[in-house]
Amino acid sequence: MSHDRFVNRHIGPREAEIQEMLETIGVSSMEELIKQTVPANIRLNEPLKLKEGLTERRYFRKILSLAAKNKVFNTYIGMGYYDTITPAVILRNVLENPVWYTSYTPYQAEISQGRLEALLNFQTMVCELTAMEIANASLLDEATAAAEAMVMMFNLRSRQMVKAGVNVVLVDEKVWPQTLDVLATRANPLGIELKIQPKDLFDFSEDVFGVIVQYPNSDGEIVDYSALVKKAHEKEIKVAVATDLLSLALLTPPGEWGADIVFGNSQRFGVPMGYGGPHAAFFAAREDFKRHLPGRIIGITKDVHGNRALRMALQTREQHIKREKATSNICTAQALLATMAGFFGVYHGAEGIKTIARRIHNIAAFLADEIEKLGYQQLNSHYFDTIRLALPKHVKREDIEWLSLELEMNFRYFENGEVGISIDETTNREDMTWILEVFAKAANLPWAVVHEYPKGYEIDPKFARQSEFLTQEVFNLYRSETEMVRYIKRLEHKDISLTQSMISLGSCTMKLNAATEMLPLSWIEFNGIHPFVPKNQARGYHEMMEELRRDLAEITGMADVSLMPNSGAAGEYAGLMVIQEFHKNNGEEQRNVVLIPSSAHGTNPASAVMAGMKVVVVECDEKGNIDLEDVCKKAEQHKDTLSAFMVTYPSTHGVFESSIVEMCRIIHENGGQVYMDGANMNAQVGLTTPGIIGADVCHLNLHKTFAIPHGGGGPGVGPIAVASHLVKFLPSHPIMNNGHIGINAVAAAPWGSASVLPITYGYIKMMGAEGLAKATQVAILNANYIAKALEKNFGVLYTGENGRVGHELILECRHLRSSAGITEADIAKRLMDFGFHAPTLSFPVHGTLMIEPTESESKQELDRFISALNTIFDEIKEVESGKADKEDNVLKNAPHTAGQVTSDNWSHSYPRQKAAWPLPWVRDNKFWVPVGRVDNAWGDRNLICTCGSPKEYELMNEQ
């Protein structure tokens, strides 16, 4: 083995083990396996045109040189992005900690209690600061949160409103421009009329269903909206408020003046700007709307022993269940960033947050006074952190800009020549002096050095917050770093991540997130840049992104790539909107039908509906393949209105379908475009491409195939790659030229979640063409190795024409329910006793388990996983034969807690040893679940989504 080749560190099995595994599955070589798996007519004839993979040391030097090309100025642009201080205890123990960043979305509650508590803290913090009753566990960014608010209000219309065709939402022109752009993108396909105008001109006519305002507004002005809200409610019109979460430490929260929905960005709570993201948007609402809330909600419940437990609540809202009837296509969140923001609140508490907010306001007010003394006019009557300055006649905007850049500062420049300054947590006395120097020099006047931090400036009492917040115990305990780090560690020990064992979730690609790839995330050269600074301050970013776009275009066989979509579902939506714009440009606006296989991920139909399309389902045959005859029939049936065909390849059933090229041909002949869902690209890279197969657009999940970690449920990144005829329709941005001039923005930031792009960049640069192809081959090998080992006991539901699976497989479990009364959920919970995260449950086929091992798992780990499942099969056979009780057995009672196993009262019909240490190797790395099997139904009946609430204590005391 070459020790300096990154590919040998990324891929799990060693060469000798690969040969052994190939022999086990009955082939002589990797080439033979690939020939049996991937259809010949789509296989690449030559390697990808990518540079040879770099060693980790050479890559580190390369990314360091790119970082040096980024210039970190003091930036006072504001507009939803602000510099912040990430407490080192959070940076070191959360952002840089693989336990937190390699965990998955907490669908399996019993092994996710730590991050569930962290997200519950985030929800509680949001509810407390906004004075709202319920909040979700984060959304993608502020602009898409605004779009979700608009759609939610639209869906909350009364029957009478729906019948009358009420479809107008009023939006104040003083909302962030990037938010307005995303609202425009999302409104039109749904038949929503967006009226953007000054709030004073709002006409609450009978065709209006909702209102969106910003607090403070985009100029920085604090506005009293209470009369507006009252007037809107009199007409049964809902009001959504975009707000600055930090400002609410000093300002009367929107919940106290009647807002229905409150949303915004939590970035100021210790999450770096990162050239636009990722950041955790927050979304809060009245409890009456809980079943309409987009995204995930963490709720409190109890476990089988009656103990307090946490889990994701109201899961029937998820897209994989509701599909085209879903009201949102949200599939991921920003869990890692929400966790950081929540810990920021825990560490600082109410007093700390108020101190930060007061200091920001005092500095802004002091600068306003001092700059006005220089002859400038400060235009905001009431403000939190932002002042807006009109220049004297003898001062030009260019003078301010030039002088500020000389001192490495960025201000905001309005179209009418006015200048904006937004103060943040990092602004210090030296910074204040430099700001004053700019304005004094421009006016040819002297300035004074600032020696002390200003005090004594207060928010006008009519806007000032009077209510307390963050009074819960968790926000008042952990002030020292010692206590904080212990709290973080206490939570992390409750979770299974890739640091514990393989996570075999099908359709999720839980591969290695290498340390070398992750290192740049903590560098200020990448995380300290505002997304709206001049491009010449981010040359390293742009060089990296240009290379990344070229590499991704080569990998997909496409012409160009947009990096803007900040999740897989956002990529789906963006791709479909590009297709729709293409048809519109061709004068074929009637094309709105999308064909989607019945096996597709639920976000596919949800995204199609959000894009204003009509979903027509294509059936699958008994072997799990898309029915080619049904594709042909429905394409011809809708040939005049056919817009697109959404297809995942390999299929969601884990199979390379040989008819895929024919399907694409049929769609094109009938006037449609082919959208390829990139969820399973980990089985394509280096072996085939969407372009060769016949796709016109595909999205990529960089958080799957390209090594960005899942972060416990986000961040995700979903760029779209398109063929040449679609390039001119890729999403643009209203503030920054992102290289594209097509549809309106689909995210707040011009380049989406830019600060995590170095991870994918590093992965591709270090793997190279040869390494990427080998990773795909080994991913397919590992899946087939598991399939071979488990097919006798469980059965593999679908295989290709030669009996092979792709990079994942569906394990048949339905026969075990009928023979022994054991469900796939029982198997999943029992796996926890072995220290494993469960595979994907009941998707895409109910009653099954879908397994995806990825290329990063070693043969030893695969063998442990196989032995665990085969041992579980033997335990099921004991139930089936009557040797074990049908109700009191290790599967029905799984998972077993340490408290349960060590209790003096052991009443089960099986020994403790079998419950806790079912195989000898389990002792070496035992993971004790902190709670027993959770009661989801109880939690949904008694919905509690904040910590420390009186309702929680009341209900728990009843148990």
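## Sheets, helix contacts and a few odd bonds

Let's start with a small sheet: four strands line up as β11-β12-β15-β14, the sheet is open, and its pairing is antiparallel. At the edges stand β11 (377–378) and β14 (412–413), each with a single partner strand, so one side of each has no neighbour in the sheet. Bear in mind that what you are looking at is a predicted model.

Further into this sheet, β12 (residues 386–390) and β15 (residues 419–422) are joined by four bridges and pair in the antiparallel sense. Want a spot to click on? L389 has V419 in β15 as its bridge partner.

**A seven-stranded sheet**

Another open sheet has seven strands, in the order β2-β8-β7-β6-β5-β3-β4, and here the pairing is mixed. Its edge strands, β2 (134–135) and β4 (193–197), each pair on one side only. Within the sheet, β5 (residues 208–215) and β6 (residues 238–244) run parallel, with six bridges between them. V213 is a handy marker, since it sits opposite V241 in β6.

This sheet also has a helix to look for. Helix α10 lies across β3 (168–172), β4 and β5, and it runs at about 160 degrees to β4.

**Two helix pairs**

Helix α10 has a helix partner as well, namely α8, and α5 with α16 makes another pair to look at. Here are the basic values for both.

| Helix pair | Angle | Axis separation |
|---|---|---|
| α8 (residues 142–155) and α10 (residues 177–187) | about 45 degrees | 8 Å |
| α5 (residues 88–95) and α16 (residues 481–492) | about 20 degrees | 10 Å |

Take α8 and α10, which pack at an angle of about 45 degrees. The two are therefore oblique to each other. The crossing of α8 past α10 is right-handed. On the α8 side, the contact uses E142, A143, T144, A146, A147, E148 and M150, while α10 brings Q178, T179, V182, L183, R186 and A187. Sorted by class, that contact of α8 with α10 holds seven nonpolar, three polar and three charged residues.

Now for α5 and α16, whose angle is about 20 degrees. That makes α5 roughly parallel to α16. Here too α5 passes α16 in a right-handed crossing. From α5, the residues involved are V89, N93 and V94, and they meet E481, M484, V485, I488, K489 and E492 of α16. By class, the contact of α5 with α16 comes to five nonpolar, one polar and three charged residues.

**Rings that pair up**

How many aromatic pairs are there? With ring centres within 6.5 Å as the cut-off, the count is 28 aromatic pairs. One of them joins Y59 and Y761: the ring centres are 6.2 Å apart and the planes meet at 50 degrees, so the pair is tilted. This pair links distant parts of the chain, with Y59 in helix α4 (residues 56–68) and Y761 in helix α25 (residues 757–790), 702 residues apart.

**Unusual backbone spots**

Most peptide bonds are trans, and most residues other than glycine have a negative phi. With that in mind, a few places in the backbone are worth a look.

The peptide bond from Y649 to P650 is cis, and its omega is near -10 degrees. You'll find P650 in the loop between β19 (642–648) and α23 (660–669). Where does P895 lie? It belongs to the loop between α28 (859–881) and α29 (898–901). The bond leading to P895 from A894 is cis as well, with omega near -5 degrees.

Finally, there is A131, which is not a glycine yet has a positive phi of about 60 degrees. A131 sits in the loop between α7 (113–130) and β2, and β2 is one of the edge strands of the seven-stranded sheet.

Key:
Residues are numbered from 1 along each chain as its sequence is written. This is a predicted model: local features need pLDDT of at least 70, side-chain atom pairs count only at pLDDT 80 or more; totals for chains, interfaces and linings use all residues. Side-chain values use heavy atoms; hydrogens and water are left out. Two strands pair if DSSP finds at least two bridges between them. Axes are lines fitted to C-alpha atoms, for helices over the stretch in contact, and angles run from 0 to 180 degrees between N-to-C directions. Angles under 35 degrees count as roughly parallel, over 145 as roughly antiparallel, 65 to 115 as roughly perpendicular and the rest as oblique. A crossing is left-handed if the near helix is turned anticlockwise from the far one by less than a right angle, and right-handed if clockwise. Contact means heavy atoms within 4.5 Å. Ala, Val, Leu, Ile, Met, Phe, Trp, Tyr, Cys and Pro count as nonpolar, Asp, Glu, Lys and Arg as charged, and the others, Gly among them, as polar. Rings of Phe, Tyr and Trp (its six-membered ring) pair if their centres lie within 6.5 Å; planes under 30 degrees apart count as stacked, over 60 as edge-to-face and the rest as tilted.
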